[in-house]
Amino acid sequence: MKIVADHDRCRGAGQCVFSAPDLFDQSDEDGTVIVLDDHPPPESHARARRAARLCPNSVIRIIENPEPAHP
Amino acid sequence: MSTTESSPVVLPTHRTCPFDPPQEYALLREHEPVARLAFPDGKTGWLLTRHEDVRALLADERFSSDRARASSPVGRPLRPEEMEARPGMFLSKDPPEHTRYRRMVTRYFTVRRMRALAPRIEEIVTDRLDAMERSGPPVDLVRTFTLPIPSLVICELLGVPYADRDRFQRWTSTMLRLDVSAGEMLAARDALYAYMGDLVSAKREHPDDALLSSLIAANAAEGAQAPLTDEELTGIGLLLLVAGHETTANMLALGTYALLSHPAQSRMLREHPELAERAVEELLRYLSIAQFGAVRVALEDVEIAGRRIRAGETVVAALAAANRDPEQFPGPDELDLTREPSHHVAFGHGVHQCLGQQLARVEMQIALPALLRRFPTLRLAVPPERIPMRDDMFIYGVHELPLTWEE
Ligand code: HEM
Ligand code: SF4
């Protein structure tokens, strides 16, 4: 799984940090989302999906089967 | 979907149960989820009652939050001077103006910052519980507990003197009343603006370490782009103060009333305070205190669920109806504190989704279990029909909550 955040759309409602504090934080500068772990371990996948679903601005996108990165 | 055009409905406001939204909502959601709505000013617009449609509307930037263009679904028709959104009032602004303001204040309301307030909120809650115990039963929970807690918290956060609470609480509650005359409404609003304007000037002279001063300092810093004017700072301060106390106060009071009316549920929360997080989400969903919903205006023609909304028409997203949509919440009319957290819209959705939601959550998660634990025998001191409900306010709840307990 890979997590991508469309930072420009974020309005800092904090739903993501509320659902998955291990994966997301908010910047001290403007309160917008910071992805702490964009390749979360399997035990965090459910919470990552929940964060994506709850985000009021569709900021968080979950790519379930990312292409392996080029070397 | 019906093909015949039924006549417009008026916004349902009559409740048969104090905790349930008006019954008409369930029928509309099932039979006419995008319904024609007649407004008090004589115009016609739309009422959305399905969870899916409400979310889609609030996330759609082709709809504006500009109050000056919208009709109000309840109360008397407003005069233009009552509707204008002043500088800084970002609840009623659209992007990019909205974005600019919201970005400046969001950092003060992050999950981390709000959780860091927990020890202080616990102190305030304990202090109020002690005061209740000292005075002995019966007490009005609104005056002794539910209004003081969020008022004190937002005062400390903003840097507003708590000693001024009688004045700003009175002006706020006037502004949130449905039946208030234009004269009274404008007088309360002007008084609040004057008060907040003076406070902003005072903070410029004598800064403290709270939000208003910090916002002033950030804008005065060298290199600050397009710094906020005093008028804008006043608008922002006023929005935060008004939105920050009545809302949470009513969730606490109505939440307590709902818990006391569901003894098995309150026992569960008393015995398992770790349920607080879920319980609070469920109470927010179940009670949906923003009772007349969120209002938007179409900026262009838009189709929603097969109906054509025309540019300029007002659309009301019935948050209370969406939060009882059986498609989204199985057994929606049941209060179930263990319910799997889902996507309620009690705080709205989209770019305007409540800025203060994490603060409200921390306050409720601390205050409600603490109250139940301190007074295990807590109950209504009057019959339910004597509890004055806030049918007449933009934010639903109780005007008073007389409670008693065994000492
Ligand atoms: C349980 C308590 C609360 C409820 C149910 C609630 C509900 C809401 C709702 C439904 C909206 C969206 C309105 C719309 O889309 O038109 C909103 C916005 C807002 N709320 Fe709350 N609120 C609560 C507590 C608070 C608190 C404690 C604050 C503290 C500062 C606050 C500040 C705001 C602000 C500033 C906005 C405007 C956000 C924007 O336009 O970007 N609210 N609230
Ligand atoms: S939930 Fe969405 S809008 Fe809110 S902070 Fe997280 S990414 Fe940003």
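A residue counts as near a molecule when one of its heavy atoms lies within 4 Å of it. Keep that cut-off handy for the exercises below, and remember that this is a predicted model.

**Exercise 1. Work out which residues come nearest to ligand 2, and what kinds of residue make up its shell.**

Step 1: Collect the residues around ligand 2, which number 13.
Step 2: Pick out the nearest ones: A:Cys10, A:Ala13, A:Gly14, A:Cys16 and A:Cys55.
Step 3: Sort the shell by type, and you get eight nonpolar residues, four polar ones and one charged one.

**Exercise 2. Find the protein donor for the iron atom of ligand 1 and place that donor in the fold.**

Step 1: Look for protein donors around the iron, and a single one turns up: the SG atom of B:Cys354, 2.3 Å away.
Step 2: Now locate B:Cys354, which sits in the loop that links helix H15 (319-322) with helix H16 (357-374) of chain B.

**Exercise 3. Describe the surroundings of ligand 1, from the closest residues out to the elements that supply the shell.**

Step 1: Count the neighbours: ligand 1 has 28 residues around it, and B:His98, B:Arg102, B:Arg296, B:His352 and B:Cys354 are the closest.
Step 2: Check polar contacts to oxygen atoms of the ligand. The side chain of B:His98 has an N or O atom 2.6 Å from one, B:Arg102 places a polar side-chain atom 2.8 Å from one, and for B:His352 the distance is 2.6 Å.
Step 3: Ask where the shell comes from. Helix H4 (97-106), helix H12 (230-260), strand S5 (294-298) and H16 of chain B each contribute at least two residues, and H12(B) gives the most, with seven.
Step 4: Split the shell by type: 19 nonpolar, seven polar and two charged.

**Exercise 4. Identify the buried residues of helix H2 in chain A and say what covers them.**

Step 1: Go through H2(A), residues 45-54, using under 20% relative accessible area as the test for buried. A:His45, A:Ala48, A:Arg50, A:Ala51, A:Ala52 and A:Leu54 are buried.
Step 2: See what packs over them; the cover includes strand S1 (2-5), helix H1 (15-19), strand S2 (24-26) and strand S4 (60-63) of chain A.

**Exercise 5. Lay out the three-stranded sheet of chain B.**

Step 1: Write down the order, S4-S10-S9, in an open sheet with antiparallel pairing.
Step 2: Mark the edges: S4(B), residues 139-140, and S9(B), residues 379-380, each pair on one side only.
Step 3: Zoom in on S4(B) and S10(B) (residues 402-404), which two bridges join. Here B:Val139 stands opposite B:Leu403.

Note on methods: Residues numbered from 1 in each chain as written. Chains lettered and ligands numbered in written order. Predicted model: local features only at pLDDT ≥ 70, side-chain atom pairs only at ≥ 80, totals over all residues. Heavy atoms only, no water. Nonpolar A, V, L, I, M, F, W, Y, C, P; charged D, E, K, R; others polar. Buried < 20%, exposed > 50% of the residue type's maximum accessible area, 1.4 Å probe, protein only. Helix = DSSP H or I, 4+ residues; strand = E, 2+ residues; numbered from the N terminus. Contact = heavy atoms within 4.5 Å. Pairing = 2+ DSSP bridges. Donors = N, O, S within 2.8 Å, 3.2 Å for Na, K, Ca; no water. Polar contact = N/O pair within 3.5 Å; in protein donor to acceptor, adjacent residues only side chain to side chain.
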